[in-house]
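Got your viewer open and a coffee within reach? Let's take a walk through this molecule, one selection at a time.

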Amino acid sequence: QGGFDLHKTVVLVGMMGAGKTAVGRALAARLGVPFLDSDAEIESAANMTIPEIFERDGEPFFRTKESQVIGRLLDEQKGILSTGGGAFLQPENRRIIAEKGAAVWLRADLNVLWTRVRHKDTRPLLRTADPYATLKSLYEARVPVYAQADLTVDSDGETSIENMVGRVVDA
Ligand code: S3P
């Protein structure tokens with residue numbers, strides 16, 4: 001049972017810890033449309049976690065799978081699509097998202113992101129000697145690319161998921 005009549009899939013992009021999955025799920029529930037999640041699709045197809053895929057097959061393999069999954073999900077049905085933080089960095093993914101969806105950047109300050117990811121061990125890219133420095137350099141390199149999204153929605157440390165959903169709907 002669909003509620004809102006989506007003309008395009010809304011693709012949430014942004015850094016790890018921006019809330020893409022939590023906001024995407026709540027937004028889809030609010031609008032009564034399907035929730036799609038590229039990382040979750042990759043994990044269930046491989047029957048492995050993202051860290052296991054990075055470890056066994058490497059990041060380039062993961063990026064290939066990620067592009068295939070995003071292309072397939074955009075073709076299959078309209079809904080809210082949460083992507084992994086690196087997805088929008090690939091020019092081919094940006095091209096297909098622009099063609100078949102609308103990109104929304106969930107923007108948050110570096111320190112907010114760090115607070116959200118620092119205690120988790122689910123991000124292989126942050127398994128470095130200095131994960132804060134790694135996050136910071138990813139952040140600085142990626143912000144100009146995320147800024148190419150169709151819309152930007154800000155969150156700070158205080159913003160609840162429901163507030164973020166409201167901001168995305170308003171935007
Ligand atoms: C990545 C972010 C992760 C996941 C993978 C790579 C990235 O997704 O796709 O670990 O390159 O920023 P989240 O943004 O949901 O953490």
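Here is a tour in stops, each with something to select and something to look for.

**Before you start**

Residues are counted from 1 along each chain, following the sequence as written. The model is predicted, so local features need a pLDDT of at least 70 and side-chain atom pairs count only at pLDDT 80 or more, while totals for chains, interfaces and linings use all residues. Helices (H or I, at least four residues) and strands (E, at least two) are DSSP runs, numbered from the N terminus.

**Stop 1: Thr 21**

Select Thr 21, where UniProt places the feature "binding site" in an unreviewed entry. UniProt positions are given in the numbering used here, feature names are shortened, and annotations may be inferred rather than shown by experiment. You'll find Thr 21 in helix α1, residues 20-31.

Is Thr 21 buried or exposed? Neither quite fits: Thr 21 is partly exposed, because 16 other C-beta atoms lie within 10 Å. The cut-offs go like this: 20 or more other C-beta atoms within 10 Å of a residue's own means buried, 12 or fewer means exposed, and in between is partly exposed, with C-beta atoms placed from the backbone.

Now light up Asp 37 and Ser 82: Thr 21 is in contact with both, leaving aside its neighbours within four places in sequence. "In contact" means that the C-beta atoms of two residues, placed from the backbone, lie within 7 Å.

**Stop 2: Asp 39 and Arg 142**

Next, select Asp 39, Arg 63, Gly 85 and Arg 142, which UniProt also lists for "binding site" (unreviewed entry). Zoom in on two of them.

Asp 39 sits in helix α2. Asp 39 counts as buried because it has 21 C-beta neighbours inside 10 Å. Leaving aside its neighbours within four places in sequence, Asp 39 is in contact with Ile 50 and Gly 84.

Arg 142 belongs to helix α7, residues 131-146. With 18 C-beta neighbours inside 10 Å, Arg 142 counts as partly exposed. Show Met 15 and Leu 89 too, since Arg 142 touches them, not counting residues up to four places away in sequence.

**Stop 3: α2 against α4**

Time for some helix pairs. Two packed helices are described by the angle between their axes and the distance between the axes. Axes are lines fitted to C-alpha atoms, for helices over the stretch in contact, and angles run from 0 to 180 degrees between N-to-C directions.

Select residues 38-46 (α2) and 59-76 (α4): their axes come within 9 Å and cross at roughly 110°. That makes α2 roughly perpendicular to α4. Angles from 65 to 115 degrees count as roughly perpendicular, under 35 as roughly parallel, over 145 as roughly antiparallel, and the rest as oblique.

Which residues meet here? From α2 come Ser 38, Glu 41 and Ile 42, and from α4 come Lys 65, Glu 66, Val 69, Ile 70 and Leu 73. By class, this contact of α2 with α4 has four nonpolar, one polar and three charged residues. Ala, Val, Leu, Ile, Met, Phe, Trp, Tyr, Cys and Pro count as nonpolar, Asp, Glu, Lys and Arg as charged, and the others, Gly among them, as polar.

**Stop 4: Asn 47**

Pick Asn 47, in the loop between α2 and α3. Asn 47 has a positive phi of about 55° although it is not a glycine. Asn 47 is exposed, with 7 other C-beta atoms within 10 Å.

**Stop 5: α3 against α4**

Keep α4 and add α3, residues 50-57: the axes come within 7 Å and cross at roughly 125°. α3 and α4 are therefore oblique to each other. Ile 53, Phe 54 and Asp 57 of α3 meet Glu 59, Phe 61 and Phe 62 of α4. Those residues divide into four nonpolar, no polar and two charged.

**Stop 6: Val 153**

Finish at Val 153, in strand β5, residues 151-154. Val 153 is buried, with 24 other C-beta atoms within 10 Å. Its contacts, not counting residues up to four places away in sequence, include Val 104, Leu 106, Met 164 and Val 168. Val 153 and Val 168 are 15 residues apart in sequence and 6.4 Å apart in space, C-alpha to C-alpha.
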